Structures are given as C-alpha cells and as structure tokens.
Amino acid sequence: MQVERKILLNPGPSTTTDTVKMAQVVPDICPREKEFGQIMADISRELVRIVHGKNEDYAAVLFCGSGTICIDVTLNSLLDKDKKALVVQNGSYSQRACEVLKAYGMPFIELKQPIDEPPSLKEIERVLADNEDIGYVYMTHHETGTGLLNPIREVGALAHEYGAYFITDTTSSYAMIPIDIYKDNIDFCMASAQKGIMGMTGLSYVIGRRDIIEQSKDFPMRSYYCNLYLQYHYFETTGQMHFTPPVQTIYAAKQAIKEYYEEGEEAKWERHLRVMEAIHKGEDDIGLKEALKREVQSGLVSAVRYPDDPNWDFDKIHDYCYERGFTIYPGKIEQKGTFRLCALGAIDSEDIEAFWKVFREAMEHYEVEIPVRYV
Ligand SMILES: *Cc1c(COP(=O)(O)O)cnc(C)c1O
C-alpha cells in the first residue's frame, strides 16, 4: 500500500515513515495477552535507555493519552502534603503546568521569566532559598511555542541542592536532543510517541526515579486515572497498563524505537539540526525574521514573525502550502503574529528546500513582497 507523503512542519505529530505507519496493521489481539504485555515491557525498557537511564533506577510508565497527560500526572502525583510546587514559567507549556496545578487546587509558586531568553538561575535559587517547603521544581526543557531551550542540567542541580525533585517536560526534545538523565539531573521527564520517536499519537510516558515513585505511594492522591504510582504499581505487578492501552499505537511505537536505534542518537540529532539549518537558510533568503535569537533556540522550532505587508495572510499561505503537501503552523506567542516551522519528524533538508520553493510561490501568488518587509 502506498501512502502519500506529507511534510509536517508543525510541532508534532510529525511526519512518520511508512514502516511505522504499517506497523499498526496487525491481527486483532486482546491487550491482556502475555504477548502484548511483553511488547509494552520491552518498550518501557527502551524508553529508559533512550535517555541513558538504567532500569534499576528509572522506570518508564506508559499512559494512553496525548502529551499533556504526563504534565498532569507528574504534577498531581509527586507533591507530598505540606509541600509546594515551583514552576519556572517562560512559555505556553509551563503556563499549562500552572493551569493544571490551579485545577487541582495545589499550592505552587509561579516564577515568571521572559519567554525569549533562558531563565535566571539566580532568581530560581532565590525562590528555593526563601521557601523550604518546595517539593519539586518543574520546568519545560524545550518551550515548543517559541523554540526556547531551557537549562535543565543547571536547574536540576539547583533543585537537588535545596532538597527538591526536578521534573522536566521533555515532550518536544526527548529522542531528538541527546539527554543523559543522570548528568542532566532529571528525576522525572516525559514525552509522547508522536514527537521524538516519530510514532503515532495516543501513547505518552513518564520516565522517573523508581525510589521516588515508590515514596509517592504515600503522597496525597489527587486523581484516579492520572496517578503515577497506581499506573506504575499495576504494571510492575501485572505487566499490564491499568486500563486499555492504545494497542495499534504501541505496535507503531515498537517499530519507531527500532528505527530510532537504527538511525542512532547522534545521527538523528544531526539530521534535525540539518533540517533547521535549511529552515534558517530559507528564512534568510526571503528576509523572514524570527521571534528569538538563534543562540537561545533549541534547533527544533523556529518562530517566524509575520511580515508587515498588507498582503500577508497566514491562512492563505498555509492553505497554498497545505494543498501542495506542506503543513505550517500558527504561533503561540501572545499578542504577536508568528508562525512556526519545526524540524521534528522523518524529514531531511531536501524536504525543506522543496518547501521553500512552494512557500516562495505562495508569497508571489498573493503578492507579498520578497524580501519581506518589517516596519
Ligand atoms: C507537544 C507538547 C506537549 C503535549 O501536547 P499534547 O497536545 O497534549 O500532545 C507537552 N509539552 C510540550 C513541551 C510539547 O511540545
């Protein structure tokens, strides 16, 4: 079967290989069969290995849901009574974390930082020093709305220095930017199958320290479906997810992880960087400007400022590109017109070169001036 290839430049779900797509077509199976439990156990082990964790120290706990389920699970499950959360808030995903904490009525400190540069380690340390009751520090690794990369290693070290756990949302960096869970001082990180490993939507995972998960058994239980210890314990004792797993997505994830190792951590990261280089080159050729300086970018997301041209209309340009197989994505920066070009997925620099041809055609079609103008 031939599937038309689409180039997704949105921040996930990303372009997948045909072999990953086809891995979902399997004979019907009841997920309670041992054969299926074995597949999940293998996947969990490999997910820990991707960030260079040892299985005796870390466990990957699988959930059926989009990536946000992991934000919810870690935040609500890992705070002991009489403790407060500290969220480094410098983008739309850490803002989402604050919304989750608010929804649970949990105590937290929201440390707001600029969205276009790395946070101040001094300010984070000051909050930790002034508040002895912080249970964990939470920070997004890669703020996907802007493309800002946050210093997890340094913030993780600070958290530990003050006796707090460190939770980081690595949904849009895991299996792309090389991560070493020990050196990067991570107690908990998370991801979703449709991003870094280039699988399908519906499977997400928290990778975290077993000793802390065990301790969290006695923490207040704030959710039933989204409780980390419950899901962990059920899998450890039965080899099954507590509730129905996303069966076909798990077969795709198995294949995607196989392909991840075939490509290799370094080669894959180099490919993503090569894709971003081609994205940047095309922007420079047309005169498009970005919201963030390149030095602070992750290498995976470019947030492009709308040109100041009366003929510019994002939706029209989007539709023109979409009809020709290329998907671009609106921005997520409040009060600023931006769109995003992302280097996730099974794509390479020639796909980006083909994209820029189409993008240029779209600009010409709608008479947007090139090089583009900014006032
Ligand atoms: C994609 C993403 C998520 C998850 O978003 P969903 O829409 O729930 O899949 C979480 N955090 C970050 C940083 C992301 O990029």
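Tutor: One definition before we start: a strand, written E, is a DSSP run of at least two residues, a helix, written H, is a run of at least four, and both are numbered from the N terminus. Keep in mind too that this is a predicted model.

Student: Okay. Where is Met-198 found, then?

Tutor: Met-198 is in the loop between E9 and E10. You read the loop's place from the strands on either side of it.

Student: What about the phi of Met-198: is it positive or negative?

Tutor: General idea first: most residues other than glycine have a negative phi. Now the case here: Met-198 is not a glycine, yet its phi is positive, about 65°. Ala-175 is another one to look at, with a phi near 70°. You'll find Ala-175 in the loop between E8 and E9.

Student: Are Ala-175 and Met-198 buried or exposed?

Tutor: The cut-off you need is that buried means under 20% relative accessible area. Ala-175 has 5%, so it counts as buried. Met-198 has 9%, so it is buried as well.

Student: Which residue just after H2 takes a positive phi?

Tutor: That's His-52, with a phi of about 60°. Just after H10 you can find Gly-287, whose positive phi is about 90°.

Student: Next, peptide bonds. Which residues does a cis peptide bond join?

Tutor: In general, most peptide bonds are trans. Here, a cis bond links Gly-12 to Pro-13, with omega about -5°. Pro-13 belongs to the loop between strand E1 (7-8) and helix H1 (18-22). A cis bond also runs from Ile-370 to Pro-371, with omega near -5°, and Pro-371 is in the segment after helix H12 (349-365).

Student: How do I check the length of a helix? What span should H10 have?

Tutor: Multiply 1.5 Å by one less than the number of residues to get the expected span. H10 has 22 residues, so it should span 32 Å, and its end C-alpha atoms are indeed 32 Å apart. Now try H2, residues 34-50: it has 17 residues and reaches 24 Å from its first C-alpha to its last, close to the 24 Å expected.

Student: What do the buried residues of H2 pack against?

Tutor: Start by picking out the buried residues of H2, among them Phe-36, Ile-39, Met-40, Ile-43 and Leu-47. The buried residues of H2 pack against two strands, E2 (58-64) and E10 (203-209), and against helices H8 (228-238), H9 (247-263) and H10 (265-286).

Student: And what covers the buried residues of H10?

Tutor: The cover includes H9, strand E11 (301-305), strand E14 (338-342) and H12. The buried residues of H10 include Trp-269, Val-275, Ile-279 and His-280.

Student: Let me stay with His-280. Why does His-280 count as buried?

Tutor: Because its relative accessible area is 13%, and buried means under 20%. The side chain of His-280 makes a polar contact of 3.4 Å with that of Arg-294. Leaving out residues up to four places away in sequence, His-280 touches Glu-290, Arg-294, Gln-297 and Ser-302.

Student: Which side chain is joined to that of Ser-172 by a polar contact?

Tutor: The side chain of Thr-144, at 2.7 Å. Ser-172 has its place in the loop between strand E8 (165-169) and strand E9 (188-192). Its relative accessible area is 2%, so Ser-172 is buried. Besides Thr-144, Ser-172 touches His-142, Lys-195 and Leu-300, again not counting residues up to four places away in sequence.

Student: How about Met-139: buried or exposed?

Tutor: Buried, since its relative accessibility is 0%. Met-139 is in strand E5 (residues 134-140). With residues up to four places away in sequence left out, its contacts include Val-88, Pro-119, Ile-152 and Phe-166. For a sense of distance, Met-139 and Lys-34 are 105 residues apart in sequence and 37 Å apart in space, C-alpha to C-alpha.

Student: Last topic: how many cavities of 30 Å³ or more does the structure hold?

Tutor: It holds 3. A cavity is a space where a 1.4 Å probe fits but cannot get out. The largest cavity here has a volume of about 60 Å³.

Student: Which residues line the largest cavity?

Tutor: They are Phe-63, Cys-64, Ile-69, Tyr-225, Gln-231, Met-241, Phe-243 and Thr-244. Sort that lining by type and you get 6 nonpolar residues, 2 polar and no charged ones.

Key
Residues are numbered from 1 along each chain as its sequence is written. This is a predicted model: local features need pLDDT of at least 70, side-chain atom pairs count only at pLDDT 80 or more; totals for chains, interfaces and linings use all residues. Side-chain values use heavy atoms; hydrogens and water are left out. Buried means under 20% relative accessible area, exposed over 50%, partly exposed in between (1.4 Å probe, protein chains only). Contact means heavy atoms within 4.5 Å. On a 1 Å grid over the protein atoms alone, a cavity is a set of points where a 1.4 Å probe fits but cannot get out, and a pocket is an open set with protein on both sides within 12 Å along at least five of seven lines; lining residues have an atom within 4 Å of a point. Grid points are joined across faces, edges and corners, and a volume is the space filled by probe spheres set on the points. Ala, Val, Leu, Ile, Met, Phe, Trp, Tyr, Cys and Pro count as nonpolar, Asp, Glu, Lys and Arg as charged, and the others, Gly among them, as polar. A polar contact is a pair of N or O atoms within 3.5 Å; within protein, one must be able to donate a hydrogen and the other to accept it, and residues adjacent in sequence count only if both atoms are side-chain atoms.
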